[in-house]
Amino acid sequence: MADIRNNFVGIKSPNPFWLASAPPTDKAYNVERAFKAGWGGVVWKTLGEEGPPVVNVNGPRYGAIWGADRRLLGLNNIELITDRDLYVNLREMKQVKMNWPDRALIASIMVPCEENAWKAILPLVEETGADGIELNFGCPHGMSERGMGSAVGQVPEYIEMVVRWCKQYTRMPVITKLTPNITDIRRPARAAHAGGTDAVSLINTINSITSVNLDNFSPEPSIDGKGSHGGYCGPAVKPIALNMVAEIARDPETAGLPISGIGGVTTWRDAAEFLALGAGNVQVCTAAMTYGFKIVQEMISGLSNWMDAKGHRSLDDIIGRATPNVTDWKFLNLNYIAKAHIDQDACIKCGRCHIACEDTSHQAITAFVDGKRHFEVMEDECVGCNLCVNVCPVDNCITMVPLKAGALDKRTGQKVQKTYANWTTHPNNPSAKQAAE
Ligand SMILES: Cc1cc2nc3c(=O)[nH]c(=O)nc-3n(C[C@H](O)[C@H](O)[C@H](O)COP(=O)(O)O)c2cc1C
Ligand code: SF4
Ligand code: SF4
């Protein structure tokens with residue numbers, strides 16, 4: 001049986017599934033229930049500095065995007081950090097950690113970007129017995145207007161400075177949580193690394209407006225007719241998060257820096273993909289908010305079963321396995337040629353593939369043959385783009401079939417080359433031409 005125990009920067013947990021800092025980890029009641037359900041760890045809802053806690057809006061704080069079956073695909077929120085008293089949170093954290101010594105308990109922190117504020121809170125957190133801290137440099141709404149959260153995460157110099165303070169004032173491992181609301185995720189990751197962070201975690205939420213009420217012209221969620229951008233998360237953000245994790249994992253300046261992957265993890269498969277791209281574990285928020293804490297049980301059994309089936313004995317067998325396969329476009333093999341193929345037995349003759357290819361791709365799928373509705377790929381026109389695969393409503397009805405070396409590509413009239421060749425040496429590439437001259 002696969003061993004899915006996790007050791008992330010020395011923090012041990014029975015599995016790699018942690019709850020991200022958010023409402024599911026807001027208080028002892030929730031965290032106790034989460035641990036009972038089987039979560040390996042939690043990042044407690046972000047703590048603020050001592051004093052009167054922040055105040056949340058008293059109306060709707062969520063917006064959402066749904067698929068046609070009303071399944072929640074994207075969630076947007078305008079919630080702030082914890083609105084509970086700091087000392088109440090600290091007391092509860094200490095008790096929960098005592099009750100659950102085998103689970104990871106991380107304190108998420110967001111205080112003003114001043115040395116004394118960080119210096120003051122770190123010993124209080126350390127006293128709870130928490131296994132580590134996560135610096136919330138990601139929250140994109142409300143707190144960022146006050147110079148915290150993503151306002152810090154968008155300035156690499158600030159990130160480096162705060163991480164240095166934390167490394168100086170605590171012995172707990174430091175995880176730096178990054179905002180995706182930035183052009184190049186490698187820059188904040190490098191800054192955190194330079195400051196001495198033990199790990200980075202990403203992504204926090206993405207600036208978003210999910211919808212506009214067309215009766216009163218207010219963005220949703222609407223508070224008395226006005227709205228404000230929120231932070232977007234859930235399955236819809238997973239592709240963005242995966243790319244950012246991969247960018248950091250394959251950057252020579254941060255290669256080897258532990259990463260906690262966050263963003264849209266809903267199934268064991270999502271988690272396995274994050275691990276394969278270089279994450280050491282994953283954090284989950286929206287899936288727990290949508291389906292409840294017990295969803296972790298499917299994640300655990302699914303990951304274990306897949307690992308058993310594939311012969312992966314521990315998480316180390318998976319972590320980073322896909323990272324070397326992420327490359328720049330210019331290194332992709334231009335001699336790789338594939339053609340779409342339609343399984344006539346599976347086809348329900350809806351015609352979507354034809355119209356997509358006819359109107360927006362390469363006019364390579366028939367609609368009628370001998371006067372009858374019939375959808376078939378014309379190999380002499382097909383460029384292998386796979387648009388048809390993506391619009392076909394029947395799973396596996398259209399597949400992409402690679403041509404073997406030596407086979408004739410009917411579109412170009414050329415034989416498929418065995419060798420690998422990319423854009424850097426292609427004759428149409430002006431810089432390749434210059435280099436050759
Ligand atoms: C309602 C809500 C509140 C959140 N509050 C926090 C927070 O206090 N601190 C934090 O670091 N991230 C916060 N997040 C972001 C999550 O921790 C996580 O980074 C994000 O939701 C992406 O993960 P997901 O797609 O699994 O939801 C919050 C997210 C939601 C939905
Ligand atoms: S792969 Fe692209 S070009 Fe080929 S049939 Fe499908 S949509 Fe048309
Ligand atoms: S989209 Fe799929 S099911 Fe519909 S006609 Fe094309 S191959 Fe058949």
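**Notes on the predicted model**

1. Starting with ligand 1: sorted by class, its shell holds 13 nonpolar, twelve polar and three charged residues. There are 28 residues around this ligand, and A20, T46, C233, C285 and T286 are the ones that come nearest. As for where the shell comes from, β4 (41-47), β6 (72-77) and α9 (286-291) each put in at least two residues. Keep in mind throughout that this is a predicted model.

2. Now ligand 3, where I'd look at the cysteines. The residues that come nearest are C347, C350, R352, C353 and C392, out of 13 around the ligand. The class split for this shell reads ten nonpolar, one polar and two charged. A small caution on reading that split: Cys is counted as nonpolar here, so C347, C350, C353 and C392, which are among the nearest residues, go into the nonpolar class.

3. Next, the chain as a whole. It has 437 residues, and 43% of them count as buried. The secondary structure comes to 13 helices and 22 strands. Measure out the C-alpha trace along its principal axes and you get a span of about 75 × 60 × 50 Å. On contacts, take those in the chain with a separation of 6 or more: 71% of them are between residues 24 or more positions apart.

4. Which residues of α7 are buried? The list is K238, A241, L242, M244, V245, A246, I248 and A249, so there is a lysine in it along with the alanines and other residues; "buried" here means 20 or more other C-beta atoms within 10 Å of the residue's own. The cover over these buried positions includes α6 (186-195), β10 (199-202), β15 (259-262) and α8 (268-276). As for the helix itself, α7 runs over residues 238-250, 13 in number, and reaches 18 Å from its first C-alpha to its last, close to the 18 Å expected at 1.5 Å a residue.

5. Last, a helix pair to check by eye. Helix α3 (residues 115-126) packs against helix α5 (residues 156-169) at an angle of about 35 degrees, and the two axes are 10 Å apart. The crossing is right-handed. On the α3 side the contact uses E115, W118, K119 and L122, which meet V162, W165, C166 and Y169 of α5. By class, that makes six nonpolar residues, two charged and no polar. The charged ones are E115 and K119, which both belong to α3.

Note on methods
Residues numbered from 1 in each chain as written. Chains lettered and ligands numbered in written order. Predicted model: local features only at pLDDT ≥ 70, side-chain atom pairs only at ≥ 80, totals over all residues. Axes fitted to C-alpha atoms, helices over the stretch in contact; angles between N-to-C directions. Helix = DSSP H or I, 4+ residues; strand = E, 2+ residues; numbered from the N terminus. Left-handed = near helix turned anticlockwise from the far one by under 90°. Contact = placed C-beta atoms within 7 Å. Near = placed C-beta within 6 Å. Expected span 1.5 Å × (residues − 1). Buried ≥ 20, exposed ≤ 12 C-beta atoms within 10 Å, placed from the backbone.
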